[in-house]
Amino acid sequence: MVAVATSEQRQSYSIRLGTHASCVQEIEQQQCCRKLNLSIMETGTLEACVPRLSQFCKMGFYAKHIFPRLLDWALGNPQMGKYRRRALEAAYGNTLEIGFGTGLNLPYYPQAVTQLTALDPENMLAKRVAKRIKESPVPVTFVQLDASGRLPFADATFDSVVTTFTLCSIDRVSAALSEMHRVVKPEGVYLFFEHGRSRDPRTARRQDRFNPIQNVIGCGCHVNRPIDALITTADFHIETLEEFMMPKTPQIMAAMYKGIARKLSIKN
Ligand SMILES: C[S@@+](CC[C@H](N)C(=O)[O-])C[C@H]1O[C@@H](n2cnc3c(N)ncnc32)[C@H](O)[C@@H]1O
């Protein structure tokens, strides 16, 4: 088995690890891996790949410089913008966005939104995001925080809470949903647009198998989370739910959940 890639190889985003046909096949199936050029996989087992990938992906350079750019590119195309606009059209008033990322939702908030609090534990692509915030018609306050801890907002502060492509990434997602539930007003809305677990059992099994790898290369992203179940378990009632497969997307990432949820009760 060949040792972990040299720093030169890592810098060119190629990893040489060992040989195992099923591992190569499993990984090469995934577009996102190909984009990272993780195609030269030669190791014992899929499981053996994961810690090695983890070493590579958790390196500061990848997480700080490569991943945010990939994210911005993959989620920032005009087609995605159309989905974002539709997902956000019911937002109004004082709004909280959890998992702000690179601010890709900013152009799509409706005029009814009067103030946006944008929360994320990372401060990705700071210059690019600052420009987006400056150009946003909605006043934005950025808060660098983990949403699964106690949020610094009183109960029932926000008219709208928003997540897009975020429930997949929050480590303690139920704790974050519980906080979102606490800070949204009783009459407020929670708008979500998320990828998650496929209804097709075969695809779901593939998602389960690929999840450990995605978790590493996607900096904490899970492909197999049952989004609707997570939301309802957090005491939200799902008022509308649209499920569809995102076009031109690998099957394991394509199951989309878009909808509006409201509080069932006020949790303390
Ligand atoms: C795939 S990105 C999506 C970014 C953005 N919402 C979008 O639609 O483009 C997931 C985001 O969730 C954020 N995130 C991860 N863990 C989080 C947490 N514990 N609390 C809040 N945000 C978190 C990440 O930093 C990242 O910005």
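Me: Before we start, how are residues sorted into nonpolar, charged and polar here?
Reply: Ala, Val, Leu, Ile, Met, Phe, Trp, Tyr, Cys and Pro count as nonpolar. Asp, Glu, Lys and Arg are charged, and the others, Gly among them, are polar. Bear in mind that this is a predicted model: local features need pLDDT of at least 70, side-chain atom pairs count only at pLDDT 80 or more, and totals for chains, interfaces and linings use all residues. Numbering starts from 1 along each chain as its sequence is written.

Me: So how does the shell around the ligand divide by residue type?
Reply: Using those classes, four residues of the shell are charged and eight are polar. The rest of the split is ten nonpolar.

Me: Which residues come nearest to the ligand?
Reply: There are 22 residues around the ligand (C-beta atom, placed from the backbone, within 6 Å of it). The ones that come nearest are Gly-99, Gly-101, Ala-147, Thr-164 and Phe-165.

Me: And which elements give two or more residues to that shell?
Reply: Helices here are DSSP runs of H or I with at least four residues, strands are E runs of at least two, and both are numbered from the N terminus. On that basis, the elements are helix H5 (60-75) and strand E2 (113-120).

Me: Are the buried residues of helix H6 on the same side or on opposite sides?
Reply: Buried means 20 or more other C-beta atoms within 10 Å of a residue's own, exposed means 12 or fewer, and partly exposed is in between, with C-beta atoms placed from the backbone. In H6 (residues 78-88), Arg-84, Ala-87 and Leu-88 are buried. They span an arc of only 85° around the axis (taken from the directions from the helix axis to the C-beta atoms), so they sit on the same side.

Me: What's exposed on the other side of H6?
Reply: The buried residues of H6 have cover that includes strands E4 (158-164), E5 (184-195) and E7 (255-263). On the other side, the exposed ones are Pro-78, Gln-79 and Lys-82.

Me: How many residues of E4 are buried?
Reply: E4 is mostly covered. The count is seven of its seven residues.

Me: How many bridges join E4 to E5?
Reply: Strands pair if DSSP finds at least two bridges between them. E1 (residues 93-98) pairs with E4 in the parallel sense over three bridges. E4 and E5 also run parallel, and the number joining them is six.

Me: Which residue of E5 is the bridge partner of Val-162?
Reply: On the E1 side, Thr-95 has Ser-160 of E4 as its bridge partner. For Val-162, the partner in E5 is Leu-191.

Technical notes:
Contact = placed C-beta atoms within 7 Å.
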